[in-house]
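Work through the exercises below with the sequence and the coordinates open. Each task is followed by a solution in steps.

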Amino acid sequence: RDVIKGMIIIFGEKWWWLRRVSLTVVALVFMTPEASAHPDQGEKVLEEKVRQLMDWTKRDRVMRMNTAAFNHFVLEKPRNYSVIAMFTAFQRFRSCEPCKLAVEEFQILAGSWQFSSAFSNKVFFAMLDFDESPEVFKMLQVKGGPIVLHLPAESQFTADDIYNFQVRDISVQHMFTWADARTGRWMVNFTTRQPIHVHYPFKLGISLTLIGGLVCVLKWTRTFIFSKNFWAVLALCFVILMSSGRMWIHIRGAPFAESKTHTGQTHYIQDMYFLQYVAEMYIIFLFYMCITLGMVLLSTAATSRMNIRRRKIMSMTGMCLVVIFFNWLLSLFRLKYRVYPFRSLMD
């Protein structure tokens, strides 16, 4: 009996050892493939992130990210690409004029990179707004804008990865020099591409038309040179052009119009009352000209000796021009300056 009991204990211990071995083998069989799948899964996640970023960049050269997108594409691993992100405050009540100027230069930089021969999936451009992603601003301790951060893929983030517009110029050339130094070899053989300003061909066409018309008129008659009405109209046009903001536009170098990055729409009227576009200057010039023409027609109808029917037509036309375009002018002023004291009939 003692012998049988000993044999049972020995075989029981052997079976327990075999059970442990079998459990270990099963664990290795089922866990090893899972452990080896982690690198492949990370590569798949990285490939998917890069693919999404490339598709996003094709649509928008500067990707407008929110908090979730920033966490996924920038903060979460894996990531083998650098991100150059601009932090701004675009909302109207923020009145961040440097933000608009900086975004224009940043768009030029991103567009130049996108269409350059050095373009690759190693550098991406993004933009975040304070009112849309306040958590990111707080997390990165960004307390003001505009500011650009280079978020590297491999090296550690340093103070040199910060482009602060308060101490640096708002210039695409300076940003390119900084970005080239931070990204290293990825942005070699890369030059900035300045956009084509449409108002230069427009001004050239207007100038050539005026010169051609003047030559044709001088070819047939020269009596208008001694006409008082001609010089009066010319002086009036000059005064109206200057009153429309032509000299301010020339001094400040304002753009013809502006494309809003968050909507993609082109705006021809500046939101802020102390700024103006070239297209807006032409609109105000047209309003002033129509109002002046209306006043001239009213004055001529009141003092002319022509028949009563023509005088009525002239007075009605002049009245319509003054009322319509003066109301539009007041509406434009109230659009730019909400507390403007005067209202139009359309408000």
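The exercises cover salt bridges, one loop residue, a surface patch and annotated spans.

The model is predicted, so local features need pLDDT of at least 70, side-chain atom pairs count only at pLDDT 80 or more, and totals for chains, interfaces and linings use all residues. Residues are numbered from 1 along each chain as its sequence is written, and side-chain values use heavy atoms, with hydrogens and water left out.

**Exercise 1.** Find which salt bridges join Glu48, Arg51 and Asp55 into one network.

Solution.
Step 1. Apply the criterion: a side-chain nitrogen of Lys or Arg within 4 Å of a carboxyl oxygen of Asp or Glu. The whole structure has 5 salt bridges.
Step 2. Glu48 pairs with Arg51 at 2.5 Å, N to O. Because they are 3 residues apart in helix H1 (residues 2-59), about one helical turn separates them. Helices are DSSP runs of H or I with at least four residues, strands are runs of E with at least two, and both are numbered from the N terminus.
Step 3. Arg51 also pairs with Asp55, at 3.1 Å, N to O. These two are 4 residues apart in helix H1, again about one helical turn.
Step 4. Classify the exposure, where buried means under 20% relative accessible area, exposed over 50%, and partly exposed in between (1.4 Å probe, protein chains only). Glu48 at 33%, Arg51 at 43% and Asp55 at 29% are partly exposed.

**Exercise 2.** Describe the surroundings of Asp161 and state whether Asp161 is buried or exposed.

Solution.
Step 1. Asp161 sits in the loop between strand E4 (147-151) and strand E5 (162-164).
Step 2. Its relative accessibility is 1%, so Asp161 counts as buried.
Step 3. Asp161 forms a salt bridge with Arg182 (2.8 Å, N to O). Arg182 lies in helix H5 (residues 172-183), so the pair ties together parts 21 residues apart in sequence. Arg182 is partly exposed at 27%.
Step 4. A polar atom of the Asp161 side chain also lies 3.0 Å from the backbone nitrogen of Thr158.

**Exercise 3.** Locate Ile225 and name the patch that includes it.

Solution.
Step 1. Ile225 is in the loop between helix H6 (199-220) and helix H7 (228-243).
Step 2. At 34% relative accessibility, Ile225 is partly exposed.Step 3. Ile225, Phe226, Trp231 and Leu234 make up a nonpolar surface patch with about 450 Å² of accessible area together. Patch members have over 30% relative accessible area and no salt bridge; like charges are joined within 9 Å, and nonpolar side chains (Val, Leu, Ile, Met, Phe, Trp, Tyr) within 5 Å. Areas come from the Shrake-Rupley method with a 1.4 Å probe, and for residues only the protein chains shown count as cover.

Methods: Polar contact = N/O pair within 3.5 Å; in protein donor to acceptor, adjacent residues only side chain to side chain.
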